[in-house]
Structure formats: structure tokens, C-alpha cells
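Q: Please examine the structure shown below. The discussion that follows sets each computed value against the definition behind it.

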Amino acid sequence: MIEFKGLTKTFGKIVALQDVTFKVDDGEFIFIVGPSGAGKTTLLKLLTREYKPTRGEILMDDVDIVKLKKKDIPLLRQKIGVVFQDFKLLPERTLRENIEIALAIKGVDKGQWIARVDQVLKLVGLSDRSDLFPAQLSGGEIQKASIARALVINPVCIFADEPTGNLDWGTADLIMDLLTKINKEGKTIIVTSHNKELVEKFGKRVIEMKNGKVIKDRNTK
Ligand SMILES: Nc1ncnc2c1ncn2[C@@H]1O[C@H](COP(=O)(O)OP(=O)(O)OP(=O)(O)O)[C@@H](O)[C@H]1O
Ligand SMILES: [Mg+2]
């Protein structure tokens, strides 16, 4: 379980998050919606300890990650597969190499790389694109590639930050179907989105944020 408790994050006078409290159960699929600047990406960066909160706790299986020592942060990051809002794929590396980097960081034995990468590429439907560079992939394919990279380390939770941002409806649906499939295999999924219409359609729990606060937490089923 991931539990955000009284989380506040300020940057000087800017209040990015204000007293945010909610829980995410293991295996749950939730959306976090809210306008630009609501604090969605800040929440992600607190979860991965890129930032420390000004106040509050983040409990992951009852361990407060705010208090983790620096040496334990890599272990935390192996539990959370992140699909970044700006992708963060390296342009000079092929799709396969981009995914291999995640395995290298985790310290996975090189002998397993080909099989592990093949497995996630198959899951996202990009098996025949592995030797292409990011610039040669379509927007939807880049999004799928980011999901494959997040997944290859076998995290317990996937946090996808605006995974359907610039995609057409059909492709956005495919990405959401893919995340649903991954959820059914047991992983916790947290998806941020601006797109309320898309979110309503999926009938999952929706946490609505505005100006750094949770203003609604509801099930749309
Ligand atoms: N490192 C930082 N320094 C100063 N202000 C920051 C920093 N990071 C975020 N903020 C501010 O915190 C607020 C929340 O930003 P955040 O990126 O979390 O929003 P968001 O909900 O992800 O928006 P979007 O939908 O546009 O991605 C914004 O007003 C932003 O300017
Ligand atoms: Mg954001």
C-alpha cells in the first residue's frame, strides 16, 4: 500500500502541494486528474524521492520513504516504474538499448537482458521496432516504449505521468488498454491525466487535484 499523509511541498513562495492525503491499495488502478500546475508531477517526484516534502509522510508498505537514507533510494526506485511526462528516452540509443539501461541500473545480469527486453517489447507490441531510434518512432510508439522501459524492472507499481497527453483518441485507448492489462497482472497503476473524458470512460477511482490540493476522491463505476 502507498499512503500519502498530510503532504505539503513548497518551493519558496510557490505551494505545489498542500496537505495531500490519500491511500492506494496494492493492485489498485487510480487516476489523478487536475489542471496544469495542480501538483501531479510533484507528487510523482516526491514518491520517487527526487524531492523531499516540506511536511508529511509517504508510507510504502509502512516504511516512510521521506526518511529513507540516500543509499536506500535506488531500491525504492526499483519498486516504482515511471512513465515520464517527457519520456526521457535517450535519442542516440535504440529502443532496445534504452530499455536495457533500466536493467543495467537495476544490476540485472547481462545474460537476461535480451529475453527480458523481448518480453516487454512483445507486451507493448513493439517487437519489430527494437532497433529504431526514438526519433524514428511515432508518438504512440514512444509512449509504449516508455511503458516497456518502466515495466522491464518488474516494479510493484507503475506511475504513468500523462501517458496519453498528445495522442489521438484511438492511440490513447490502446495505451490505456495496455495499462489495464498490466494492472490485471497484479501491478498497482497510477495514471495522471488532463483528460477528464478519457478518465470517466474507464470507470476507475479518480482523485481530482487543484492548486496542490485533493478536491475530490471518487469511484466513477
Ligand atoms: N522545482 C520547482 N521549483 C519551483 N516550482 C516548482 C517546481 N516544481 C514544480 N513547481 C511548481 O509547482 C506547481 C505544480 O507543478 P507540477 O509539475 O506538479 O504540476 P502538474 O499538475 O504536473 O502540471 P501539468 O499537468 O502541467 O504537468 C506548479 O505551479 C509548478 O510551477
Ligand atoms: Mg505534470
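Q: Which element gives the most to the shell around ligand 1?
A: H1 gives the most, with three residues. The model is predicted, so local features need pLDDT of at least 70 and side-chain atom pairs count only at pLDDT 80 or more, while totals for chains, interfaces and linings use all residues; side-chain values use heavy atoms, with hydrogens and water left out. Residues are numbered from 1 along each chain as its sequence is written, and chains are lettered from A and ligands numbered from 1 in the order in which they are written.

Q: What makes H1 a helix in this description?
A: Helices (H or I, at least four residues) and strands (E, at least two) are DSSP runs, numbered from the N terminus. H1 covers residues 40–47 and has eight residues, so by the definition of a run of at least four it is called a helix.

Q: Which residues surround ligand 1 most closely?
A: The shell holds 14 residues, of which the closest are Ser-36, Gly-37, Lys-40, Thr-41 and Thr-42. A residue counts as near a molecule or strand if one of its heavy atoms lies within 4 Å of it.

Q: How is the shell around ligand 1 divided by residue type?
A: There are six nonpolar residues, seven polar ones and one charged. In this division, Ala, Val, Leu, Ile, Met, Phe, Trp, Tyr, Cys and Pro count as nonpolar, Asp, Glu, Lys and Arg as charged, and the others, Gly among them, as polar.

Q: What makes the approaches of Thr-41, Thr-42 and Tyr-51 to ligand 1 polar contacts?
A: A polar contact is a pair of N or O atoms within 3.5 Å; within protein, one must be able to donate a hydrogen and the other to accept it, and residues adjacent in sequence count only if both atoms are side-chain atoms. An N or O atom in the side chain of Thr-41 is 2.8 Å from an oxygen atom of ligand 1. For Thr-42, a polar side-chain atom lies 2.6 Å from an oxygen atom of the ligand, and for Tyr-51 one lies 3.1 Å from a nitrogen atom of ligand 1. Each pair therefore meets the limit of 3.5 Å. The protein covers 67% of the 640 Å² of accessible area that ligand 1 has on its own.

Q: How do you know that Thr-41 and Gln-85 coordinate the magnesium ion?
A: Donors are N, O and S atoms within 2.8 Å of the metal (3.2 Å for Na, K and Ca); water is not among the atoms, so sites may look incomplete. Thr-41 (OG1) and Gln-85 (OE1) coordinate the magnesium ion (ligand 2) at 2.0 to 2.4 Å, so they qualify as donors. The pair links distant parts of the chain, 44 residues apart, with Thr-41 in H1 and Gln-85 in the loop between strand E6 (80–83) and helix H3 (95–106).

Q: Why is Thr-41 called partly exposed?
A: Buried means under 20% relative accessible area, exposed over 50%, and partly exposed in between (1.4 Å probe, protein chains only). Thr-41 has a relative accessible area of 23%, so it is partly exposed. Gln-85, at 40%, is therefore partly exposed.

Q: Why is H1 described as largely enclosed by the rest of the structure?
A: Six of its eight residues are buried, so the description applies. The buried residues are Lys-40, Thr-42, Leu-43, Leu-44, Leu-46 and Leu-47.

Q: Why is Asn-154 called exposed?
A: Its relative accessible area is 52%, so Asn-154 is exposed. Asn-154 lies in the loop between helix H5 (139–151) and strand E7 (157–161).

Q: What joins the side chains of Asn-154 and Lys-187?
A: They are joined by a polar contact of 2.7 Å. Asn-154 touches Arg-116 and Lys-187, not counting residues up to four places away in sequence; contact means heavy atoms within 4.5 Å.

Q: Why is Ser-193 called buried?
A: Its relative accessibility is 1%, so Ser-193 counts as buried. Ser-193 is placed in strand E8 (residues 188–193). A polar atom of its side chain lies 2.9 Å from the backbone nitrogen of Asn-195.

Q: What is the phi of Glu-162?
A: Phi of Glu-162 is near 55 degrees, a positive value in a residue other than glycine. With a relative accessible area of 8%, Glu-162 is buried.

How values were computed:
Areas by Shrake-Rupley, 256 points an atom, 1.4 Å probe, with all protein chains shown as cover.
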